[in-house]
Amino acid sequence: MLKRSFEPARGRWMVPPVNSSGSTKERILGAAEVLFAQRGFDGASLRQLTTAAGVNLAAVNYHFGSKDKLVEEVFRRRLDALNERRLAALAKVAGAEDTTLEDVLEAFIRPALDLSHDDSGALFMRVLARAFAEHDDTLRQFLSANYGHVMRQFTAEFARLLPQLSKEELYWRIDLVTGALTHAMSGFGMIQRKSDVSEHTHREQTAQHLIRFAVAGLSHP
């Protein structure tokens, strides 16, 4: 269903309450994810965080040491699992003679879309969008240092399948495909799930459209 604005669908970013029955560390991480999504990294204070998690500052310091380390851990608990799934899927097709662009894009795109359509994963997508919007250099360096190898492995496979592209041109195209994926994951686009369409079907439609779009963009002469 087409929308007339770029506002998220109604209720898309209704933030779930922090699970009060979890461990202290998980409560802090849950509260941090909610607050970072709502207020950004600079806008969310440690006082707000401790109040939301129902803990004191000493507990945050004990488990994380600093706010920067807390931010990093928020990303680790989502991205570690996501990138494990991506690399496992890539390993099944990388280097094979019959591997296609669609195969590699499936490995890159589907695990991310699966995460973004999970309730907690959808909230994390907003946190991830904040990271790009706020141009946090420290966080970007952390993401590059810890997860840059994932993108390098995918880039190597794209380069194998697209030998006609220069390195610079390939990087441009992969960057634009990644941007399209981030947009699709965020749920802020004009196309939203219809009420009579299941979440699974909508996710499948999104994946199919995005993969076709990415193949065309990557392989264009």
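F75 counts as buried in this predicted model, because its relative accessibility is 0%, and a residue is called buried when that value is under 20%. F41 is buried as well, with a relative accessible area of 4%. These two residues form an aromatic pair of the tilted kind, with 6.2 Å from centre to centre and 35° between the planes. Since F41 belongs to helix α1 and F75 to helix α4, the pair ties together parts that are 34 residues apart in sequence. A search of the whole structure finds five aromatic pairs, and ring pairs link F36, F41, F75 and F124 into a cluster.

The buried residues discussed here with a percentage are listed below.

| Residue | Relative accessible area |
|---|---|
| F41 | 4% |
| F75 | 0% |
| T99 | 8% |

T99, the remaining entry of the table, has its place in the loop between α4 (67-91) and α5 (101-116), and with a relative accessible area of 8% it is buried. A polar atom of the T99 side chain lies 2.3 Å from the backbone oxygen of V93. When residues up to four places away in sequence are not counted, T99 touches V93, V104, E157, R160 and L161.

Helix α2, which spans residues 46-53, offers a view of how burial can be arranged around a helix axis. Which of its residues are buried? They are L49, T50 and A53, and they cover an arc of only 95° around the axis, which puts them on the same side of α2. An α-helix has 3.6 residues a turn, so residues three or four places apart point the same way. The exposed residues R47 and T51 are carried by the face of α2 that is turned away from its buried side. What covers the buried residues of α2 includes α1 (24-43), α3 (57-64) and α4. Just after α2, the residue G54 takes a positive phi of about 70°.

An annotation also touches this part of the chain: UniProt, in an unreviewed entry, places the feature "DNA-binding region" at residues 45-64. In the model, the span of residues 45-64 is 80% helix and 0% strand, and its end C-alpha atoms lie 15 Å apart.

Note on methods
Residues numbered from 1 in each chain as written. Heavy atoms only, no water. Helix = DSSP H or I, 4+ residues; strand = E, 2+ residues; numbered from the N terminus. Buried < 20%, exposed > 50% of the residue type's maximum accessible area, 1.4 Å probe, protein only. Polar contact = N/O pair within 3.5 Å; in protein donor to acceptor, adjacent residues only side chain to side chain. Contact = heavy atoms within 4.5 Å. Arc of directions from axis to C-beta. Phe/Tyr/Trp six-rings, centres within 6.5 Å; stacked < 30°, edge-to-face > 60°. UniProt positions renumbered as here; feature names shortened; annotations may be inferred.
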